[in-house]
Amino acid sequence: MTESSPTPSSDVLRVGNCSGFYGDRLSAMREMLEGGPLDVLTGDYLAELTMLILGRDRAKDPALGYARTFLRQLEDCLGLAHEKGVRILANAGGLNPHGCATAVQDLATRLGLGVKVAVVDGDDLTTRAGELGLGAPLAANAYLGGLGIAAACRAGADIVITGRVTDASVVVGPAIAHFGWERTEFDAIAGAMAAGHVIECGTQATGGNLAFFREILDLTRPGFPIAEIRRDGSSVITKHPGTGGAVTVDTVVSQLLYEVQDVRYAGPDAVLRLDSLTLEQHGPDRVLVTGARGEAPPPDVKVSCTRVGGYRNELTFVLTGLDIDAKADLARRQVEASLSVRPAELTWTLARTDHDDPDTQARAAATLTVVARDPDEAKVGRAFSNAAVEIALASYPGCFLTNPPGSGSAYGIFEPRFLSQDVPVHTVTLPSGERQSIEPPPTTRPLEPLPGDPATAGAGEAPEAGSAAYGMTVRAPLGTIVGARSGDKGGNANVGLWVRSQDEFAWLDGFLTVDRLRDLLPETRDLTVTRTRLPRIRALNFVVEGLLGDGVAYAARFDPQAKALGEWLRARHVDLPTRLLPAPVEVGRP
């Protein structure tokens with residue numbers, strides 16, 4: 001089935017995205033404004049690590065604490081957005097949304113533009129952290145919903161600057177204002193949450209980081225996504241014509257699985273049941289998202305607490321050729337014996353990237369990384385790195401380091417906390433200067449556990465499930481037929497997997513139990529793993545608790561944000577039913 005692009009009307013709200021993180025493509029704002037019609041252009045600039053960076057900026061200078069690249073984009077594009085009548089919504093305010101708004105207003109004045117700016121705040125709980133039992137974080141920010149943004153839109157704001165809101169809120173807010181949804185229209189709000197979640201990471205919805213990336217004809221410079229939201233909360237995910245990348249069921253389901261926890265995708269305005277969604281290709285670069293079922297929001301709101309955990313330093317030895325394990329053992333013993341003062345934590349990781357009979361020196365090499373952490377910067381500074389350098393002529397043959405010795409640097413710890421929805425004073429400052437408070441939701445519902453998944457830890461494999469029930473098999477990478485997307489949520493990692501047919505899902509559902517995931521990813525064997533089924537989109541989601549320690553700023557893991565955890569899993573060889581294979585598979589082929 002195909003459908004033509006709808007004519008802009010009150011029944012469709014076209015919301016684009018031009019930023020998925022602090023540091024995304026600077027030219028994206030202009031590309032989106034010039035590419036075709038939009039009603040709203042959003043930008044997501046905040047992540048857990050970003051809050052730490054902005055917190056340190058604010059500690060050095062109270063006038064900072066917001067995403068300054070947003071101002072660079074506006075300097076180039078504010079006039080164009082004003083001319084086209086496109087409203088800009090961004091969480092670029094970070095820890096200082098009023099400071100960011102002042103800078104935007106100054107910019108507009110300098111450019112001679114009469115721009116109406118609104119600010120949403122109340123998320124920052126840092127000064128109240130002690131009384132709220134949050135300790136003494138560098139920053140403590142509640143994840144606000146879209147009601148303040150909606151009020152700003154109804155008041156005619158051209159630009160809305162927010163602090164910490166949920167990733168989907170910059171889409172939910174204008175949709176509530178545009179369609180006049182009541183706070184209890186949870187299905188419609190949940191549909192907008194789904195659209196917001198899909199487009200909030202920018203080009204990840206148009207082919208970026210897609211497991212099946214080789215199927216996309218032009219991924220050199222993918223276009224940024226657009227959600228055409230409808231009055232009932234359904235949406236079409238698309239992009240401007242002529243831009244790179246693609247919008248397919250694969251690109252959309254891949255992003256739906258990104259950094260999610262379980263069936264319930266919770267927000268301050270509603271809870272989206274991910275297991276209710278249906279995806280359908282509706283023509284080139286158009287995917288229809290329907291069926292969203294919403295529930296009342298939870299009584300608590302998530303609070304991001306970031307603090308400086310101490311100081312860290314890291315060094316990597318290269319081990320080449322023979323006797324890799326013995327070389328690593330010698331280097332470790334020598335470094336630890338040379339330390340005048342031992343740091344509080346020393347973490348050693350040996351990565352066996354070496355090959356037999358290597359035809360290049362790089363293929364002969366493995367790496368040994370040591371990470372030191374301590375509350376005292378001096379203990380992880382030159383005293384630590386010098387101990388490693390001093391053994392260079394007295395250690396294993398071919399000893400060298402990938403980086404020179406240096407001083408320690410501060411690292412952060414992320415801790416999610418939960419407080420009652422009435423704790424943050426959710427406030428919007430309208431363009432007129434009037435300040436309005438957003439009341440907490442009148443109806444809430446605790447996030448009660450759902451019925452258990454029969455293929456969870458300890459349950460083993462379901463009867464008649466797995467490869468044996470599918471006849472002949474071939475040993476091949478799981479990723480031959482299975483896509484994956486993985487990411488981080490604090491110290492936890494998720495990996496979502498999907499397939500393209502019901503037959504493939506029936507096999508995957510029976511085959512990939514928690515026990516088998518642990519076998520395929522040995523790093524997860526001693527950790528709590530939870531599996532969630534999403535049969536409507538033919539997907540499974542696994543959450544691995546504690547894989548990333550205290551979050552990305554702390555983790556010494558090779559992949560500290562678990563971005564490639566799914567690709568590791570796809571690379572593992574399993575017994576694939578031959579009748580599910582798209583083409584003959586050469587055993588051992590990458």
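# A report on selected features of a predicted model

In the hairpin formed by β11 and β12, G283 adopts a positive phi near 110°, and 5 residues lie between the two strands. The model described here is a predicted one. The two strands of this hairpin, β11 and β12, pair in the antiparallel sense, with 4 bridges between them. One of the bridge partnerships joins T278 to T290, the latter residue being in β12.

## Helix α8 and its surroundings

Both strands of the hairpin also take part in the packing around helix α8. The buried residues of this helix pack against β11 (278–281) and β12 (287–290), and also against α7 (186–199), β8 (235–239), β22 (483–489) and β23 (492–498). How many residues of α8 are buried? The count is 7 of 8, so the helix is largely enclosed by the rest of the structure. The buried residues are D250, T251, V252, V253, S254, Q255 and L256. A general point about helices may help the reader here. An α-helix has 3.6 residues a turn, so residues three or four places apart point the same way.

The loop between α8 (249–256) and β9 (264–266) contains E259. Is E259 buried or exposed? E259 is buried, because its relative accessible area is 15%, and a residue counts as buried when this value is under 20%. The side chain of E259 is joined to that of Y258 by a polar contact of 3.1 Å. When neighbours within four places in sequence are left aside, E259 is in contact with G487, D488, K489, N494 and K563.

## Salt bridges

Two of the residues in contact with E259, namely D488 and K563, also form a salt bridge with each other, in which the closest N and O atoms are 3.9 Å apart. This pair links distant parts of the chain, since D488 belongs to strand β22 while K563 lies in the loop between β25 (539–544) and α13 (565–571), 75 residues apart. D488 is buried, with a relative accessible area of 5%, whereas K563 is partly exposed, with a value of 37%.

As a general principle, side chains of opposite charge can pair when their charged atoms come close. In this model, the count of salt bridges comes to 35. A further example is the salt bridge in which the side chains of R531 and D509 meet, at 2.7 Å from N to O. R531 lies in strand β24 (residues 529–534) and D509 in helix α11 (residues 502–511), so this salt bridge ties together parts that are 22 residues apart in sequence. R531 is buried, with a relative accessible area of 4%, and D509 is buried as well, at 15%. Some salt bridges share partners, and in this way R264, R273, D275, E295 and R445 are joined into one network.

D359 and R363 form another salt bridge through their side chains, at 3.1 Å from N to O. D359 is exposed, with a relative accessible area of 63%, and R363 is partly exposed, with a value of 38%. The table lists three salt bridges with their distances.

| Salt bridge | Distance, N to O |
|---|---|
| D359 and R363 | 3.1 Å |
| D488 and K563 | 3.9 Å |
| R531 and D509 | 2.7 Å |

## Strand β19 and T429

T429 is located in strand β19, which covers residues 427–429. This residue counts as buried, because its relative accessibility is 14% and the cut-off for burial is under 20%. A polar contact of 2.8 Å connects the side chain of T429 with the side chain of R435. R435 also appears among the residues that T429 touches; with residues up to four places away in sequence not counted, these are H98, V117, A118, V119, E434 and R435.

## Cysteines

How many disulfides does the model contain? The count comes to 0. C100 takes part in no disulfide, and the nearest cysteine sulfur, that of C18, is 13 Å away. C100 is buried, with a relative accessible area of 0%. Why does C153 form no such bond? The closest cysteine sulfur, in C18, is 15 Å from the sulfur of C153, which is too far for a bond, because a disulfide requires the two sulfur atoms to be within 2.5 Å. C153 is likewise buried, with a relative accessible area of 7%.

Note on methods:
Residues are numbered from 1 along each chain as its sequence is written. This is a predicted model: local features need pLDDT of at least 70, side-chain atom pairs count only at pLDDT 80 or more; totals for chains, interfaces and linings use all residues. Side-chain values use heavy atoms; hydrogens and water are left out. Buried means under 20% relative accessible area, exposed over 50%, partly exposed in between (1.4 Å probe, protein chains only). A polar contact is a pair of N or O atoms within 3.5 Å; within protein, one must be able to donate a hydrogen and the other to accept it, and residues adjacent in sequence count only if both atoms are side-chain atoms. Contact means heavy atoms within 4.5 Å. Two strands pair if DSSP finds at least two bridges between them. A salt bridge is a side-chain nitrogen of Lys or Arg within 4 Å of a carboxyl oxygen of Asp or Glu.
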